[in-house]
Amino acid sequence: MEIVAVVNDTTGTLIASAYQDPEIKIGSIFSTGVNAAYMERFKAIPKIRSHNLPDDTEIAINTEYGAFDNDKKVLPRTRFDDQIDQESARPGQQLYEKMVAGLYVGELLRCVFLELHHRGLLFRGRDITAVQEKSGLDSAFMSTVEQNNTKSMAGIAEECKRLFGFEPELYELEVIRFLTKLIATRAARLYACGIAAVARKQGLERCHVGVDGSVFHCYAHFQERAAQALKEIMDWPEEDPQRITLVSAQDGSGVGAALIAALALRRSQ
């Protein structure tokens with residue numbers, strides 16, 4: 001095997017999406033992690049100036065902005081965010097990612113459940129051994145909760161019984177649904193902040209953003225919440241259609257890697 005290019009999933013998504021849709025200017029991942037990539041002009045990248053390329057040469061930038069605000073100076077953090085960071089494999093790293101990504105939102109919900117239980121407000125008198133298990137909840141559970149819109153919340157009760165070993169009372173099911181929506185909405189809105197930051201830096205007023213990742217594709221209501229937050233952050237007129245649109249990018253990393261490898265081979269020849 002001859003290696004001609006080393007590509008991460010985010011840059012692959014950018015290239016694969018742009019290959020199919022010329023309106024794509026940003027590639028993004030929203031799954032267990034979060035990241036974005038975009039094309040920057042050579043003259044705007046001081047660290048590679050010694051390569052002496054033409055100023056308008058476009059270079060793919062993998063932002064790795066999941067590590068944004070590792071100094072804890074910008075984002076509005078809660079004690080639950082701090083708890084998840086401290087108990088993670090890499091404390092102090094990827095703090096933005098830990099507030100929004102699919103790997104962490106379920107754990108955030110679980111931490112809130114435990115807090116309410118210890119205060120005697122939730123699951124009183126129940127064996128919460130399953131709830132105490134680290135990483136016992138994930139984004140799939142949250143999506144299931146949000147998809148259940150019935151008054152009886154039978155679907156939520158059934159899922160809780162499967163995971164926790166008991167069926168919560170009606171008021172507890174209401175609390176579970178409320179907290180799930182709250183945490184998921186915060187994640188979607190914080191995710192939109194990253195996209196808005198890249199768009200503003202590049203002066204993008206209209207474009208498409210190719211997004212790959214299971215949470216983006218499968219989580220109920222995530223796309224519409226992120227789109228609404230983006231509209232608010234960018235301060236678009238209410239009557240104006242979405243100027244920067246989040247679009248689905250299926251298997252962007254694999255297809256993008258193949259395209260980049262093909263481009264690298266052609267350039268070397």
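Q: Exposed means over 50% relative accessible area, buried means under 20%, and partly exposed is in between. With that in hand, is aspartate 235 buried or exposed?

A: This is a predicted model, and in it aspartate 235 has a relative accessible area of 64%, which is over the 50% cut-off, so the residue counts as exposed.

Q: Where is aspartate 235 found?

A: Aspartate 235 sits in the loop that runs between helix H10 (222-234) and strand E5 (244-248). Its backbone deserves a look as well, since aspartate 235 has a positive phi of about 60 degrees although it is not a glycine.

Q: Why point that out?

A: Most residues other than glycine have a negative phi. Methionine 153 is another case of a positive value in a residue other than glycine, with a phi near 55 degrees.

Q: OK, and is methionine 153 buried or exposed?

A: Methionine 153 has 1% relative accessibility, and because that is under 20% the residue counts as buried. Methionine 153 also lies in a loop, the one between H6 and helix H7 (154-164).

Q: What about glycines, which ones take a positive phi just after a helix?

A: Glycine 203 does so just after H8, with a phi of about 65 degrees, and glycine 120 does so just after H4, with a phi of about 75 degrees.

Q: Let's stay with those helices. How many residues does H8 have, and what should they span?

A: Helix H8 covers residues 170-202, which makes 33 residues, and at 1.5 Å a residue they should span 48 Å. The end C-alpha atoms of H8 are 49 Å apart, which agrees with that expectation.

Q: And H4, what does the same sum give there?

A: For helix H4 (residues 102-118) the 17 residues should span 24 Å, and the end C-alpha atoms are 25 Å apart, which again agrees. As for its surroundings, 14 of the 17 residues of H4 are buried, so this helix is largely enclosed by the rest of the structure.

Q: Switching to strands: how does E1 pair with E2?

A: Strand E1 (residues 24-30) and E2 run antiparallel and are joined by five bridges, and the hairpin that connects E1 to E2 passes through three residues. Within this pairing, glycine 27 stands opposite alanine 37 in E2.

Q: What lies on the other pairing of E2, the one with E3?

A: E2 and E3 pair over five bridges, in the antiparallel sense, and the bridge partner of methionine 39 is alanine 60 in E3. Strand E2 (residues 34-41) is mostly covered, with six of its eight residues buried.

Q: Now pockets. What is the volume of the largest pocket, and which residues are closest to its centre?

A: The largest pocket has a volume of about 540 Å³. It is lined by 19 residues, and the closest to its centre are Met39, Glu58, Ala60, Ile260 and Arg267. Met39 and Ala60 are the bridge partners from a moment ago.

Q: Which elements supply the lining of that pocket, and what classes of residue are in it?

A: Helix H1 (9-20), strand E3 (58-62) and helix H11 (252-268) each supply at least two of the lining residues, and the lining divides into twelve nonpolar, four polar and three charged residues.

Q: How many cavities of 30 Å³ or more are there?

A: The count comes to one such cavity, and about 70 Å³ of space lies in the largest cavity. Its lining has nine nonpolar residues, one polar and no charged residues, and H8 and helix H6 (139-147) each supply at least two of them.

Q: Which residues are in that lining?

A: Among them are Phe30, Val100, Met142, Ala184, Tyr219 and Ser139. Serine 139 belongs to helix H6 and counts as buried at 16% relative accessibility.

Q: Last topic, how many disulfides are there?

A: The structure holds zero disulfides. Cysteine 193, for instance, is in no disulfide, and the nearest cysteine sulfur, that of cysteine 207, is 16 Å away. A disulfide needs the two sulfur atoms to be within 2.5 Å.

Q: Are cysteine 193 and cysteine 218 buried, partly exposed or exposed?

A: Cysteine 193 is partly exposed, because its relative accessible area of 36% falls between the two cut-offs, whereas cysteine 218 is exposed, with a relative accessible area of 56%.

Terms used: Residues are numbered from 1 along each chain as its sequence is written. This is a predicted model: local features need pLDDT of at least 70, side-chain atom pairs count only at pLDDT 80 or more; totals for chains, interfaces and linings use all residues. Side-chain values use heavy atoms; hydrogens and water are left out. Helices (H or I, at least four residues) and strands (E, at least two) are DSSP runs, numbered from the N terminus. The expected span of a helix is 1.5 Å times one less than its number of residues. On a 1 Å grid over the protein atoms alone, a cavity is a set of points where a 1.4 Å probe fits but cannot get out, and a pocket is an open set with protein on both sides within 12 Å along at least five of seven lines; lining residues have an atom within 4 Å of a point. Grid points are joined across faces, edges and corners, and a volume is the space filled by probe spheres set on the points. Ala, Val, Leu, Ile, Met, Phe, Trp, Tyr, Cys and Pro count as nonpolar, Asp, Glu, Lys and Arg as charged, and the others, Gly among them, as polar. Buried means under 20% relative accessible area, exposed over 50%, partly exposed in between (1.4 Å probe, protein chains only). Two strands pair if DSSP finds at least two bridges between them.
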